Amino acid sequence: MASFFDRFVHPRIARVATAGAVLWAGSFLVAVAGLGVRGGQPNTAATLFFLSGVVGLVGMVVLAVCGLYLLGIRLRQTVGA
């Protein structure tokens, strides 16, 4: 049975890009958790905000790498190498 990702030209890249998007979106949830504990535990909130930034950055880097990889494939096809 075909999965959702099999309809894409590069299913593995689609899976990795989806993981990057999930990391990026998950960073917002970590930031919301930081807002939730901000009043009672400021040190924990600061740690959660920092982790939110790190997780979001990792997600964006994964997305950028996938985009650059696909761009490289497209340029290689266009040049005819």
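## Two helices and a nonpolar surface patch

Helix 2 gives the largest share of the nonpolar patch, with 5 residues. This is a predicted model, and the patch lies on its surface, where the residues that form it have about 650 Å² of accessible area together. The points below take up the patch, the packing of the helices, and three single residues in turn.

**The nonpolar patch**

- The patch is formed by Trp-24, Phe-28, Leu-57, Met-60, Val-61, Leu-63 and Val-65.
- Two or more residues of the patch come from each of helix 1, which spans 11–36, and helix 2, which spans 42–79.
- Phe-28, one of the patch residues, has its place in helix 1 and is partly exposed, because its relative accessible area of 47% falls between the limits of 20% for buried and 50% for exposed residues.

**Packing of the two helices**

- Helix 1 and helix 2 pack with their axes 8 Å apart and at an angle of about 160°, which means that helix 1 is roughly antiparallel to helix 2, since angles over 145 degrees are counted in that way.
- The crossing that helix 1 makes with helix 2 is left-handed.

**Single residues along the helices**

- Gly-26, which is also found in helix 1, is partly exposed with a relative accessible area of 22%, a value that is therefore not under the 20% that defines a buried residue.
- Between the C-alpha atoms of Gly-26 and Val-9 the separation is 26 Å, and these two residues are 17 residues apart along the chain.
- Ala-46, found in helix 2, has a relative accessible area of 45% and is therefore partly exposed, as the class of exposed residues begins over 50%.
- Ala-46 and Ala-14 are 32 residues apart in sequence, while their C-alpha atoms are 33 Å apart in space.

Definitions and conventions:
Residues numbered from 1 in each chain as written. Predicted model: local features only at pLDDT ≥ 70, side-chain atom pairs only at ≥ 80, totals over all residues. Heavy atoms only, no water. Patch = residues over 30% accessible without salt bridge, like charges linked within 9 Å, V, L, I, M, F, W, Y side chains within 5 Å. Areas by Shrake-Rupley, 256 points an atom, 1.4 Å probe, with all protein chains shown as cover. Salt bridge = Lys/Arg side-chain N within 4 Å of Asp/Glu carboxyl O. Helix = DSSP H or I, 4+ residues; strand = E, 2+ residues; numbered from the N terminus. Buried < 20%, exposed > 50% of the residue type's maximum accessible area, 1.4 Å probe, protein only. Axes fitted to C-alpha atoms, helices over the stretch in contact; angles between N-to-C directions. Parallel < 35°, antiparallel > 145°, perpendicular 65-115°, else oblique. Left-handed = near helix turned anticlockwise from the far one by under 90°.
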